[in-house]
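Hi,

Here is the structure I said I would pass on to you. Have a look at it first, and then read on for my notes.

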Amino acid sequence: MYFDKMYQLNPADFKLLGYAIVLSDFIDIENRSDYDNDVIMCNDTGRCQHCNKRIKHHVAIENTANGDVIAVGFDCYNETFVHGSTRELNLHRARKAADRKWENAVKRQAVRDFRQQHVSFFDMLDNYTGRNNFVEDIRQKSQVYILSDKQMDAVKAAIAKEEEWKESQPKLVAAPTGKIAFSGFVKSIKWVENRYGGTLKMMVLTDDLYKVWVSVPSKLGQVEIGDKVEMTAYLSPSDDPTLAWGKLRA
Ligand SMILES: [Zn+2]
């Protein structure tokens, strides 16, 4: 492995020996085909000996300082070893870094312009409070990329569908307090440990559209999620106005 010390590597130390083009997806000597009369096979690891990335085709170069022959990928060769001196290599890298900086600035500006052109869409996206992972993913991407029409349409459809679902859900009302007879459906059941051992609790969505968290009364026998129940309990308020804590006895 040749370490890429930016200000030390001198590409002038390396001599091009030849290259190998691999026609098969597998790194396999038999399947290598030479397009170059000087082709040199010197790497069976399938990795670039400069950056250690996986490579298929390779360029063989000799380190004239010590005679080592190594294989690097075409990209590494063109980016690093093709230059005539350390100075040229560093110049190339500095220019690339500057180009990248400029490109990023242009990209950021393009994203800002795009947002300006789609104000209502981004108002909707930025104020989205749902939990759709796809919408969340697109929201993050939109900070850096320009969205395609397809992505925007998909987001609009996903949000519309979620709104529709929300609309179709029962609108809960504030729960009453005191001794209340109610009926409703069991939404969930949970065994809750306490110092007397434990008690089976259930969440009931009442027919009047508030929720009650209460112990399952023994007279109801076995209850299951989805069962219709009818009972009386002493209700007291919770932090959520639509949910009451229920007690079987005052
Ligand atoms: Zn490499």
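Let's start at Thr 232, which sits in strand E8. Is Thr 232 buried or exposed? The residue has 12 other C-beta atoms within 10 Å, and a residue with 12 or fewer counts as exposed, so Thr 232 is exposed. Setting aside the neighbours within four places in sequence, Thr 232 is in contact with Lys 179, Ile 180 and Ala 181. There is also Gly 246 to look at: 14 residues separate Thr 232 and Gly 246 along the chain, and their C-alpha atoms are 9.1 Å apart. Before going further, please keep in mind that this is a predicted model.

Now for the strand on the other side of those contacts. E5 covers residues 178-194 and E8 covers residues 228-237; the two run antiparallel and are joined by eight bridges. If you want to find the pairing on screen, look for Ile 180, whose bridge partner in E8 is Ala 233. Another place to look is Gly 184, which stands opposite Val 229 of E8.

E5 has a second partner in E6, residues 197-206, and this pairing is antiparallel too, with ten bridges. Which residue of E6 is the bridge partner of Asn 194? It is Gly 197. E5 and E6 make a hairpin, and two residues lie between them.

Carry on from E6 and you get to E7. These two strands pair in the antiparallel sense over five bridges, and you can spot the pairing at Lys 201, which faces Ser 215 of E7. E6 and E7 form a hairpin as well, with four residues between the strands. Leu 209 belongs to the loop between E6 and E7 (211-215), and its phi is positive, near 75°, although the residue is not a glycine. How exposed is Leu 209? It has 14 C-beta neighbours inside 10 Å, so it counts as partly exposed.

E7 in turn pairs with E9 (residues 243-247), this time in the parallel sense, over three bridges. Lys 211 is the residue to click on here, as it stands opposite Leu 243 in E9.

So what do these strands build together? Five of them close into a barrel, in the order E5-E6-E7-E9-E8, and the pairing is mixed. From one strand to the next, the twist averages 50°. A bit of background in case it helps: strands of a sheet pair through backbone hydrogen bonds, and they do so either parallel or antiparallel.

On to the helices. H4 (residues 133-141) and H5 (residues 149-168) pack against each other at an angle of about 140°, and their axes are 10 Å apart. What does that angle say about how the two are placed? Angles over 145 degrees would count as roughly antiparallel, so at about 140° H4 and H5 are oblique to each other. Their crossing is left-handed. On the H4 side the contact is made by Phe 134, Val 135 and Ile 138, and on the H5 side by Gln 151, Val 155, Ala 158 and Ile 159. Six of the residues in this contact are nonpolar and one is polar, with no charged residue.

One more residue is worth a click: Asn 52, in the loop between E2 (32-33) and E3 (58-63). Asn 52 is not a glycine but has a positive phi, near 70°. With 12 C-beta neighbours inside 10 Å, Asn 52 counts as exposed.

Finally, the chain as a whole. How many helices and strands does it have? There are five helices and nine strands, and reading along the sequence gives the pattern β-β-β-β-α-α-α-α-α-β-β-β-β-β. The chain has 250 residues, of which 16% are buried. Of the contacts in the chain with a separation of 6 or more, 52% are between residues 24 or more positions apart.

That's what I have so far. Happy browsing!

Best wishes

Technical notes
Residues are numbered from 1 along each chain as its sequence is written. This is a predicted model: local features need pLDDT of at least 70, side-chain atom pairs count only at pLDDT 80 or more; totals for chains, interfaces and linings use all residues. Two strands pair if DSSP finds at least two bridges between them. Axes are lines fitted to C-alpha atoms, for helices over the stretch in contact, and angles run from 0 to 180 degrees between N-to-C directions. A residue is buried if 20 or more other C-beta atoms lie within 10 Å of its own, exposed if 12 or fewer, and partly exposed in between; C-beta atoms are placed from the backbone. Two residues are in contact if their C-beta atoms, placed from the backbone, lie within 7 Å. Angles under 35 degrees count as roughly parallel, over 145 as roughly antiparallel, 65 to 115 as roughly perpendicular and the rest as oblique. A crossing is left-handed if the near helix is turned anticlockwise from the far one by less than a right angle, and right-handed if clockwise. Ala, Val, Leu, Ile, Met, Phe, Trp, Tyr, Cys and Pro count as nonpolar, Asp, Glu, Lys and Arg as charged, and the others, Gly among them, as polar.
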